Amino acid sequence: IKKVTTHQLQTMKDRGEKISMLTAYDYSMAQLIDGAGVDIILVGDSASNVMAGHETTLPITLDQMIYHASSVIRAVSRAFVVVDIPFGSYQGNSSEALRSAIRIMKESGAHSVKMEGGAEIKESVIRVLSAGVPVMGHLGLTPQSIYKFGTYAVRAKEKEEADKLIADAKLLEECGCYAIVLEKIPADLAKRVSEEVNIPTIGIGAGPHTDGQVLVMHDMLGITKEFKPRFLRQYADVGSMITEAVGNYVKDVKSKDFPNEKESY
Ligand code: KIV
Ligand code: NA
């Protein structure tokens, strides 16, 4: 199988072929989504929410991200794998950013890292890129800054914030990032950014004009039931399938139907 590369992702944008990206945090799920042909697998710090049950992405640690990433990497044969550097492991300190990125690359075998922010993290982005580690940017709603925003509402609806976002996207491109996630911003702004930068943009809640799309796997599969924002398309009701299957198992155990003679030695 031919592995996806940053070069191929750029070619996809240049040809107008949309890029597909999904999150994964463990071996079994990563094997399924890689086998289904997704281009990029994101080991997102959304693991803090969907794996660990935290309210925000802030508590997850670098060690925990490396554990998730190494599990995913063992399963993947085609997709390009990007790992979030977690909160507190890069902001405001480019040496720490480099150290964190190198730990992720060495200890998990991942292909790339993602960091949230623009001008604020410029030095960290440059330092990590200088070590030969591909960096994906992330602008718009950046969940690691949720306490600064105070809400998960749509970002950059006003001109000032929209202008800063466009400037940040251009900066990330100049620094050498290979792609940028645009989270929860108006579709028109995402369109402008996607036209004004040459590198691929990957949207979540950013409309149809970005060069690719990303969703959190547990949300699109209907496993996380309580999270239903407008941008989410639910592709399956795996949550209900699990509830039904487990209910049937409990019933069969209680009624002594399971295991039967054929299922015994
Ligand atoms: O952690 C994550 O899942 C993400 C995506 C929502 C882009 O950063
Ligand atoms: Na993230």
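Is Asp45 buried or exposed? Asp45 is buried: 29 other C-beta atoms sit within 10 Å, and the cut-off for that label is 20 or more. Keep in mind as we go that this is a predicted model. We'll come back to Asp45 after a look at the whole chain.

Start with the overall picture. The protein chain adds up to 11 helices and 8 strands. Its radius of gyration is 20 Å, close to the 18 Å that the globule rule gives for 265 residues, so the chain is as compact as a globular protein of that length. Along the principal axes, the C-alpha atoms fill a box of roughly 65 × 40 × 40 Å. The chain splits into domain 1, covering 6-234, and domain 2, covering 237-265. Measure from centre to centre over C-alpha atoms and domain 1 and domain 2 are 38 Å apart. As for packing, 43% of the 265 residues count as buried. Take the contacts with a separation of 6 or more, and 59% of them join residues 24 or more positions apart.

Now zoom in on the ligand. Who surrounds ligand 1? The shell consists of Thr23, Leu42, Gly44, Asp45, Ser46, Asp84, Val181, Glu183, Ile204, Val214 and Val216. By character, the shell divides into 5 nonpolar, 3 polar and 3 charged residues.

Asp45, one of the residues around ligand 1, is a good place to linger. Asp45 sits in the loop between strand 2 (40-43) and helix 3 (47-50). Setting aside neighbours within four places in sequence, Asp45 is in contact with Thr57, Ile60, Met65, Asp84 and Pro86. That list takes us straight to Asp84, which is also part of the shell around ligand 1. Asp84 belongs to strand 3, residues 80-84. Asp84 counts as buried because 29 C-beta neighbours lie inside 10 Å. Again leaving out neighbours within four places in sequence, the contacts of Asp84 are Val43, Gly44, Asp45, Met65 and Lys114. Met65 is worth picking out by eye: it turns up as a contact of Asp45 and as a contact of Asp84.

Lys114 is the next stop. You'll find Lys114 in strand 4, residues 112-114. With 22 other C-beta atoms within 10 Å, Lys114 is buried. Not counting residues up to four places away in sequence, Lys114 touches Val82, Val83, Asp84, Ile85, Met136, His138 and Val181. Of these, Val181 is another residue in the shell around ligand 1.

How do the database annotations line up with this region? An unreviewed UniProt entry lists Asp45, Asp84 and Glu116 under "binding site". Those positions are spread over 72 residues of sequence, yet they cluster in space, with a largest C-alpha distance of 11.0 Å. A "binding site" annotation from UniProt, also marked as an unreviewed entry, covers Asp45, Ser46, Asp84 and Lys114. That set is spread over 70 residues of sequence and clusters in space too, the largest C-alpha distance being 12.5 Å.

Next, a few backbone spots to check on your screen. Lys184 has a positive phi of about 50° although it is not a glycine. Lys184 lies in the loop between strand 6 (179-183) and helix 9 (187-196), and it counts as buried, with 21 C-beta neighbours inside 10 Å. Ala156 is also a non-glycine residue with a positive phi, about 60° here. Its place is the loop between helix 7 (146-149) and helix 8. Ala156 is buried as well, given 23 other C-beta atoms within 10 Å.

Follow helix 8 onward and you get to Glu174, since that helix takes in residues 159-175. Is Glu174 buried or exposed? Glu174 counts as exposed, because just 11 C-beta neighbours lie inside 10 Å and the cut-off is 12 or fewer. Ile126 is 48 residues away from Glu174 along the chain, but their C-alpha atoms are separated by 9.7 Å.

Finish in domain 2, which runs over 237-265. A cis peptide bond joins Phe258 and Pro259, with omega at about -5°. Pro259 lies in the segment after helix 11 (238-254).

Technical notes:
Residues numbered from 1 in each chain as written. Chains lettered and ligands numbered in written order. Predicted model: local features only at pLDDT ≥ 70, side-chain atom pairs only at ≥ 80, totals over all residues. Near = placed C-beta within 6 Å. Nonpolar A, V, L, I, M, F, W, Y, C, P; charged D, E, K, R; others polar. UniProt positions renumbered as here; feature names shortened; annotations may be inferred. Helix = DSSP H or I, 4+ residues; strand = E, 2+ residues; numbered from the N terminus. Contact = placed C-beta atoms within 7 Å. Rg over C-alpha atoms; globule rule 2.2 N^0.38 Å. Domains from an automatic or database assignment.
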